[in-house]
Structures are given as C-alpha cells and as structure tokens.
Amino acid sequence: KQGKQLPTFCVDYENNKRYFTPGKFQPDSDGAYIRLVQQQFGTEHRETVLTAPELADALEEATIARDLPGMADVDFSLLLFCRNVRKEVKVALSGECADEIFVGYPWYRDPQVRNSDGFPWAQNTAQRLALANPELGLSADFVADQYRTTLTQCDILPKTDPLEKRMKEMVNLNFRWFMQTLLDRKDRMSMASSLEVRVPFADHRILEFVYNVPWEIKFENGVEKALLRNAMKDYLPERILHRKKSPYPKTHNPVYFNLCAKAMKKLMSENSAIMQFLDVNAINNIIKDIQGASKSATSELSTIETHNKKVQTILDELETAQRKVEEQIKTSNTHITDSKRALDDFNSDAASKIAQIKSDYESVSNNAEEVRNMMGYIADGTLSHSFNKRKDDLSKQITKWFWASMIITILA
C-alpha cells in the first residue's frame, strides 16, 4: 500500500559453505531457499555475514545481555544479527514458536526420542554433568524432577489415545521450557540491540487452538507442520512448502572453535572463579578434541582445495579447448559461407550465360528461317518483285520528304 518493498534479513557465516555438513537437525543450508522467497515476494533482502573472530568477540557481551550462560554461538550471532537489522528498521517479525506449536522439530517424529523419559531436546544431560567439578556432587535428579512435574501439568482429557496423550505431553514440554528459552533469548539479544522483534506465531489464540488439533492432522501423511504447510500452500513456492525443518543457522568453522578453546585456556591460566565449578581434566579433553578435529578438518580442507585446484586446472584447459573448437567452427562456417556465396555467384553467372546462349540460338534459328524463306523467294521470283516494290515505295517517300522540306524552308 505504501509502494515500498518489504525488507527481509538473514544471517550466515564466512566460509560456512566450505565447512557445512548435513545432519539430522540441519539437513541443508538456507541460501537457495532465501533466494526463492526473495524472488516470490520481491523483497529487498539484506544478508549479514559474520566472521569467526566477530562471533568469538561477542561471547562476553552476549552472555551479559542474556544474564546467564546461554546457547553459545547462536546467542552471539543473534546479538550481532539484530544489531545489523537495527541499522535498517526499528521493528521486525520473526518466526519463533512455529516449530513448538505446529510440531516441527525432529523429536516429534522420532519414536525413540518421543518415548524416552526426559526432555526430548536434552538427551545428553549426563555428558554435560560430566563437565562439572565432581566435588559439587551434582546429579540429573533436578532435571528429571522438573520433567515429571511438567507432565502432571498437561491439560489432557481422560481416555485420550496413548499416542495423542504423549504428543500433547511433548507439546506441553516445549511450551513450558524450550519455547520460553527461545523467546527469552530473542527478546534479550534484540533489546540489547534496541530492536523490537515481534513473534506472531506466539499468539495465545493460535497456541490454544492448535494444541487441541488432533495429532493425525498436525502430522498428516507423516509430514511435520502439515497443518501450517497446508494453510500456506497457495502462497509459498513448492520447495519452501516441503522443505525439511532446518534450525537457526550456526557456524561450522573450526576457526571459531579454536578461538573458543583459546579463550577457555586463558580462563584456566588466570585461575578464574568459574573454574571451581568445572572439571579441568574434562575441559582439557574437550579442548584437545577440538584442536584435533580442527587439524583434521584443516588437513581435509587442504586436500579438498588441492583437488579443487586440479579440477579447476582441468576445467580451464577444457574451456580453452572449447574456445579453440568454437573458433575453428566459426572459421569453418565462414569458409562454408564464402563457398556457398561463390557457388551461388557461379550458378547465377552460368544461368545468365545459358540464357544468353539460348537467346543467341533462337536468334540464329530465326535468321536461318529467314534465309530459307529468302532462298525460296529467289527460287520462285518473288524476291525480285518484292525488291522492286520496296524501291518504288522508298522513292515516293523520299520525294514527299523533299517537298515538305522545301515548303518549310520557304515558310521560314
């Protein structure tokens, strides 16, 4: 209505295509789908590309904005992303909560995770506790207690089908815990950048309605977010409509992990207060694993880059050969064109000469006929009579011209 293009924004990471590896929770990257949406709706799109050092440098600032340890690089990147968006607009819309409400996460459709006892997104609590100082005596009991307490708070009618009941429990767990974490994260990172982000999917009326929609409709034909996809089928490109769930993008660059390991080593060397809560040996093992994985990735990338260079050399040679062939074809086409033109000229000249010969032949034939006729006249005496008659006619004509000339002279 205002005659303006809708501004849209996305975030990505430097060299992420090089390091990205498809997985269960992130089957592909966003780039191709972003371009589809941009083309479909004619948006004025802007992309924020973050480097590994920028992410690492935002660690402390993002943690302060969050007020507690958060979600690592996705917190840091969101803070920087919101800061860039704020340069263009004051208010933005975001798609948070769609996966919680319309059952989009992989754990909704994974029977093994779905039937396990615990929060579906936190299947590795024991591994995380292993990083804590053993002297603290921490256990997973608190997490398990919160899980069981949340199950008792679900609004489920008696005699509900077991699968339907479990899915409502799963949705409720997401509502009360995971969704709250994401909303708090989005609110804190955006407001730290003076950007107001609104989340239309989190409307309580949508939440209350979809909660009571049967699971078989939400997960129609085994497709996550089927209800939302069906609602949007007249508006979105097919590839967007049927894309598998892919989360907020994160970096896969080993440079970032090395920078984090370096920062952790610094804390350890300074005997930071936080170290009393951590198992130093476990942390060192993680750092070694990161450095080992980084070296392995660097080596593999070096091999890939060497291979790519060889492939590029072959491609360049093929391109050069193709150009030569095209030039030869062009030269051959020129020769063919010239030969065709010469042949056309020859045919045209030959046709002209044949026509002239035919005309001359007809003329000779006519003269021969006249000669034959004259020979006939001579033979029967007709030619002499004809000649005398034409001589008399000519004399009379000359006499007329003479007198006419005299009269004109006298009158003049």
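Mentor: A helix crossing is right-handed if the near helix is turned clockwise from the far one by less than a right angle, and left-handed if anticlockwise. This is a predicted model, with local features needing pLDDT of at least 70 and side-chain atom pairs pLDDT 80 or more, while totals for chains, interfaces and linings use all residues. Numbering runs from 1 along each chain, and side-chain values use heavy atoms, without hydrogens and water.

Trainee: So which hand does the crossing of H10 and H11 have?

Mentor: Helices here are DSSP runs (H or I, at least four residues). H10 covers residues 141-152, and its axis lies 9 Å from that of H11, at an angle of about 115° (lines fitted to C-alpha atoms over the stretch in contact, 0 to 180 degrees between N-to-C directions). The crossing is right-handed.

Trainee: Which residues of H11 make the contact with H10?

Mentor: Contact means heavy atoms within 4.5 Å. By class, the contact has four nonpolar, three polar and three charged residues. H10 brings Gln146, Tyr147, Thr150 and Leu151. Facing them from H11 are Arg166, Glu169, Asn172, Leu173, Arg176 and Trp177.

Trainee: Which helix gives the largest share of the lining of the largest cavity?

Mentor: There's one cavity of 30 Å³ or more (points on a 1 Å grid where a 1.4 Å probe fits but cannot get out; lining atoms within 4 Å). Its lining includes Val103, Tyr211 and Trp215, and the residues divide into six nonpolar, no polar and three charged. Two elements give two or more residues, H13 (215-218) and H11 (162-191). The largest share, four residues, comes from H11.

Trainee: And what volume does the largest cavity have?

Mentor: Volume is the space filled by probe spheres set on the grid points. For the largest cavity that comes to about 40 Å³.

Technical notes: On a 1 Å grid over the protein atoms alone, a cavity is a set of points where a 1.4 Å probe fits but cannot get out, and a pocket is an open set with protein on both sides within 12 Å along at least five of seven lines; lining residues have an atom within 4 Å of a point. Ala, Val, Leu, Ile, Met, Phe, Trp, Tyr, Cys and Pro count as nonpolar, Asp, Glu, Lys and Arg as charged, and the others, Gly among them, as polar.
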